[in-house]
2 protein chains.
Amino acid sequence: MGRVAVDLVVPDVLEESCATRQALERLATKWRVLLIYSLLPGPQRPAGLRRRVPGITQKMLTETLRGMADDGLVARRVLKADPPQHVEYELTPLGRTLEQPLAAICGWARDYGSR
Amino acid sequence: MGRVAVDLVVPDVLEESCATRQALERLATKWRVLLIYSLLPGPQRPAGLRRRVPGITQKMLTETLRGMADDGLVARRVLKADPPQHVEYELTPLGRTLEQPLAAICGWARDYGSR
DNA sequence: CGGGATCCAAATTGATACTG
DNA sequence: CAGTATCAATTTGGATCCCG
């Protein structure tokens, strides 16, 4: 009764197709974490988000929010269709599940960030 | 007795110069989290890291590790100086303080990552 | 006027070949 | 085996223009 040499080609947790890996890549971008963090208090309008995330461009704001909307992390809502167009972004329930993990990271950043 | 309109120019937690913000940006890059994660079990050599982080380039591996070394997150050690050069990277104590926060994120990725 | 889109320059990343 | 150099490809920033 031989022992087959399988070698268990360890499908590492970081395999590119792995859910964990993909989820991480959905967060570890320059702006997503900052935007989610800024949306935790509640719905925000683009202008407000630009203030809360200094340095972000109009463009990256729009693109990043749209990408996060595609991933189901935020929802976009139009408040007024009239000339002065008003729009609001808010975290979805899924997006809000990030609050705890993000708090852990922010806590670390506070405690050890200064190095 | 008038009320002065101060407006409290909220020095938001995400001010570009803020420690939290800078710490976050040191993590929220495409490769750092994955590399730190891969280094948690112990010291690793570049070749091994490339296997553990599929998709990373020789270049980004080197550059990212060097950047993390500059930030004090990892340490580089040369094992042999001879032609077949051997090198090892490992997390510093500071780098290891990321284990818990990272576990929180990875847990999220596992639970909600599939969406 | 606020939100978003477009176009082009600048910065990052990827792919590959090459050196110690 | 690690790391560097080089050039193409992708991504980001900046300024501007458009639409309601």
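# Close-up views of a predicted two-chain model

**View 1. The largest cavity and its lining.** The largest cavity is lined by 15 residues. Five of them lie nearest its centre: Ala28(A), Val33(A), Ala28(B), Val33(B) and Ile105(B). In chain A, the elements giving two or more residues to this lining are α1 (19-27) and α6 (99-112). In chain B, they are α1 (19-27), α2 (32-39) and α6 (99-112). The most comes from α1(A), which gives three residues. This is a predicted model.

**View 2. What kind of residues face the largest cavity?** The lining holds 13 nonpolar residues and two charged ones. Polar residues are absent from it. The volume of the largest cavity is about 190 Å³. How many cavities of 30 Å³ or more are there? The count comes to one.

**View 3. How the two chains are related.** Chain A superposes on chain B after a rotation of 180° with 0.1 Å of shift along the axis. The RMSD of this superposition is 0.2 Å. Such a relation is that of a two-fold axis. Which C-alpha of chain A is nearest the axis? That of Ala28(A), 2.1 Å from the axis. Both copies use the same surface: 100% of the contact residues of chain A recur in chain B. Ala28(A) also appears in View 1, among the residues nearest the centre of the largest cavity.

**View 4. The largest pocket, lined by 14 residues**. Its volume is about 250 Å³. Nearest the centre of the pocket lie Pro46(B), Thr62(B), Arg76(B), Val87(B) and Tyr89(B). Three elements of chain B give two or more residues to the lining: α3 (46-52), α4 (58-70) and β2 (86-91). Which element gives the largest share? That is α4(B), with six residues.

**View 5. A mixed lining in the largest pocket.** Here the lining divides into seven nonpolar, four polar and three charged residues. Look back at the largest cavity, whose lining has no polar residues.

**View 6. A pair of strands in chain A.** Strand β1 of chain A spans residues 74-80, and strand β2 of chain A spans residues 86-91. The two strands pair over six bridges. Do they run in the parallel or the antiparallel sense? The pairing is antiparallel. One bridge can be followed by name: Arg77(A) has Glu88(A) in β2(A) as its partner. What joins β1(A) to β2(A)? A hairpin does, through five residues.

Notes. Residues numbered from 1 in each chain as written. Chains lettered and ligands numbered in written order. Predicted model: local features only at pLDDT ≥ 70, side-chain atom pairs only at ≥ 80, totals over all residues. Heavy atoms only, no water. Least-squares fit on C-alpha atoms with pLDDT ≥ 70 in both. Contact = heavy atoms within 4.5 Å. 1 Å grid on protein atoms, 1.4 Å probe; cavity = no way out; pocket = protein on both sides within 12 Å on 5 of 7 lines; lining within 4 Å. Points joined across faces, edges and corners; volume = space filled by probe spheres on them. Helix = DSSP H or I, 4+ residues; strand = E, 2+ residues; numbered from the N terminus. Nonpolar A, V, L, I, M, F, W, Y, C, P; charged D, E, K, R; others polar. Pairing = 2+ DSSP bridges.
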